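Biologist: I would like to learn how to read a structure feature by feature. Could you walk me through one?

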Amino acid sequence: EFRRVLFHTVEEVDKFCEDRSEEGRNGSQHGTLRPLDENEMGVSAYFATDRGLEDVLYDRLEDAELVGLQKLNSRWKNSEKFNVASFVEEAKQENAVVFLAMHGGVGEDGTIQRLLEQRGVRFTGSSSSACQVCMDKMFTAELIGRLAAEGVKAAPKKALYYNNLLANSECGQCADESWTNLVGQLDAQSLCIKPCGDGCSTGVAKLNGPGDLRVYSRAVTENDQEIRGNALSEPHPPVALPENAFCPFIIEPFVETAEVRIRRAGDGEGDGEELLMAGDSKWIEVTVGLVGRQGQMRALQPSITIREFGSILTLEEKFQGGTGINLTPPPQDVVSGACIKTAQMRLELVAASLGLSGFARIDAFLHTDTAELIIIEVNSIPGLTPSTVLFQQAMAEEPAIFPEQFFRMIVDTAAASDP
């Protein structure tokens with residue numbers, strides 16, 4: 001459960017800040033964010049005392065009210081609860097800036113943004129219209145297609161609807177015919193399927209034939225919560241499926257990327273760790289954070305995430321601290337500095353064309369020779385856990401942007417906007 005496993009992520013970021021400060025004092029270069037040992041600053045530290053948990057938590061918070069808690073007569077009391085309408089109205093009366101950190105769903109599809117816009121309340125992040133566009137992968141791809149001359153494109157896509165999936169799940173011949181048509185139209189041997197209006201790795205899977213298409217279609221139409229691990233033809237972890245089985249799904253060519261792995265001591269000859277790349281592909285998958293005002297967003301240093309299992313990054317690798325291995329920025333022997341700079345400029349162009357503002361994250365395939373980009377998805381409100389690497393990317397800048405400054409930049413951008 002993410003609520004439990006992410007309990008210590010604030011401590012991870014705090015420890016990374018301490019490490020970076022120490023590096024500055026010592027004149028050394030960037031470090032890497034590593035998962036903390038539980039006994040160091042993790043979950044168990046909260047319980048390693050005879051005092052009550054409430055008192056320990058209170059001592060660890062500089063200001064308990066920042067997280068909606070108050071301590072009265074040695075007792076904790078929840079802050080006052082609001083419905084959305086009351087919250088928006090109070091924000092209006094207080095002339096407040098609302099910090100939006102709801103990744104996915106109504107928090108990212110423009111719904112919450114539209115409510116705030118209607119009441120003239122300023123908020124962090126992009127407008128409701130930009131959020132709505134970015135949540136719709138088909139529409140996003142259509143807009144990005146206009147940037148082809150600038151070295152940016154989206155993979156060609158085909159839509160599959162519930163009736164298509166239902167037919168594929170019930171009829172083997174239908175799945176065969178559907179697969180033949182899709183690989184012919186998309187000019188690909190393997191395909192990637194994902195929900196059109198959901199983010200991250202929800203429902204994302206690699207399909208290698210009509211059998212995989214039928215397994216996926218059956219799982220969706222039977223309202224399964226996930227596709228069990230290794231149910232498809234290629235080894236893979238469980239694939240979480242969207243709650244709404246009636247949402248459109250999109251099919252696109254599967255992009256084969258270079259295999260980037262870490263060889264640790266014990267895996268072969270030698271000691272320590274070594275970065276290994278295998279395969280003939282020049283494409284690598286990157287994720288890049290952007291900050292700034294609309295039309296003036298700045299792309300941060302990119303990260304590459306090394307997959308530990310399967311062909312698709314899992315939800316855990318994207319969000320759960322200590323699961324994925326992120327390299328920020330990518331080593332020079334993987335991609336050159338000149339290639340990174342060109343890619344950053346192209347991503348800033350993407351952000352401007354989509355009307356993004358405040359902060360965002362773009363996932364893309366990057367060609368390491370030409371800096372050409374194939375956009376995977378655009379998150380108008382990215383997740384804010386260490387595994388989403390926005391904080392690491394900001395701190396890899398010169399000079400480093402520490403989390404407090406990072407958040408202040410986002411809030412100041414919203415405060416300077418017209419409500």
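**Reading the model together**

Modeller: Gladly, and let us start with one residue: serine 357 sits in the loop between H13 and strand E18 (358-367). Keep in mind that this is a predicted model.

Biologist: Is serine 357 buried or exposed?

Modeller: Buried means under 20% relative accessible area. Serine 357 has a relative accessible area of 13%, so this residue counts as buried.

Biologist: Which residues does serine 357 touch, not counting residues up to four places away in sequence?

Modeller: Serine 357 touches Gly125, Ser126, Gly292, Arg293, Gln294, Met297 and Thr413.

Biologist: Let us try a glycine. Where does glycine 107 lie?

Modeller: Glycine 107 is found in the loop between E3 and helix H6 (111-118). Its relative accessibility is 2%, so glycine 107 counts as buried. Setting aside neighbours within four places in sequence, glycine 107 is in contact with Met102, Ile112, Gln113 and Ile381.

Biologist: How many residues apart in sequence are glycine 107 and serine 380?

Modeller: They are 273 residues apart in sequence, while their C-alpha atoms are 9.9 Å apart in space.

Biologist: Now helices. At what angle do helix H9 and helix H10 pack?

Modeller: Helix H9 (residues 162-170) and helix H10 (residues 172-186) pack at an angle of about 125°, and their axes are 5 Å apart. That angle makes H9 oblique to H10.

Biologist: Which residues meet where H9 and H10 are in contact?

Modeller: From H9 come Ala167, Asn168 and Glu170; from H10 come Gly172, Cys174, Ala175 and Ser178. By type, the residues of this contact divide into three nonpolar, three polar and one charged.

Biologist: How would you check the length of a helix such as H11?

Modeller: Compare its span with the one expected at 1.5 Å a residue. Helix H11 (residues 210-221) has 12 residues and reaches 16 Å from its first C-alpha to its last, close to the expected 16 Å.

Biologist: Which residues of H11 are buried?

Modeller: The buried residues are Asp212, Leu213, Tyr216, Ser217, Ala219, Val220 and Thr221. Hold on to Tyr216; we will meet this residue again when we come to rings.

Biologist: What should I look for in the backbone angles?

Modeller: The general idea is that most residues other than glycine have a negative phi, and most peptide bonds are trans. Exceptions are therefore worth reading one by one.

Biologist: What is the phi of asparagine 223, and where is its place?

Modeller: Phi of asparagine 223 is near 60°, a positive value in a residue other than glycine. Asparagine 223 follows H11, in the loop between H11 and strand E9 (226-227). With 55% relative accessibility, asparagine 223 counts as exposed.

Asparagine 95 also has a positive phi, near 50°. Its place is in the loop between helix H5 (84-93) and strand E3 (97-98), and at 54% relative accessibility asparagine 95 counts as exposed.

Biologist: And which residues does a cis peptide bond join?

Modeller: One cis bond runs from threonine 328 to proline 329, with omega near -15°. Proline 329 lies in the loop between strand E17 (325-327) and helix H13 (337-354). Another cis bond joins glutamate 398 and proline 399, with omega about 0°. Proline 399 belongs to the loop between helix H14 (390-395) and helix H15 (403-415).

Biologist: Rings next, please. How is a pair of aromatic rings described?

Modeller: By the distance of the centres and the angle of the planes.

Biologist: How many aromatic pairs does a search of the whole structure find?

Modeller: The search finds seven. Take tyrosine 216 and phenylalanine 249: their ring centres are 5.9 Å apart and their planes stand at 85°, so the pair is edge-to-face. Tyrosine 216 is in helix H11 and phenylalanine 249 in strand E11 (residues 249-253), so the pair ties together parts that are 33 residues apart in sequence. Tyrosine 216 counts as buried at 0% relative accessibility, and phenylalanine 249 counts as buried at 0% too.

Phenylalanine 406 and phenylalanine 407 also form an edge-to-face pair, with 5.9 Å centre to centre and 70° between the planes.

Biologist: Are phenylalanine 406 and phenylalanine 407 buried or partly exposed?

Modeller: Phenylalanine 406 is buried, with a relative accessible area of 1%, whereas phenylalanine 407 counts as partly exposed at 29% relative accessibility. Both belong to one aromatic cluster formed by Phe99, Phe359, Phe391, Phe406 and Phe407.

Methods: Residues numbered from 1 in each chain as written. Predicted model: local features only at pLDDT ≥ 70, side-chain atom pairs only at ≥ 80, totals over all residues. Heavy atoms only, no water. Axes fitted to C-alpha atoms, helices over the stretch in contact; angles between N-to-C directions. Helix = DSSP H or I, 4+ residues; strand = E, 2+ residues; numbered from the N terminus. Parallel < 35°, antiparallel > 145°, perpendicular 65-115°, else oblique. Contact = heavy atoms within 4.5 Å. Nonpolar A, V, L, I, M, F, W, Y, C, P; charged D, E, K, R; others polar. Expected span 1.5 Å × (residues − 1). Buried < 20%, exposed > 50% of the residue type's maximum accessible area, 1.4 Å probe, protein only. Phe/Tyr/Trp six-rings, centres within 6.5 Å; stacked < 30°, edge-to-face > 60°.
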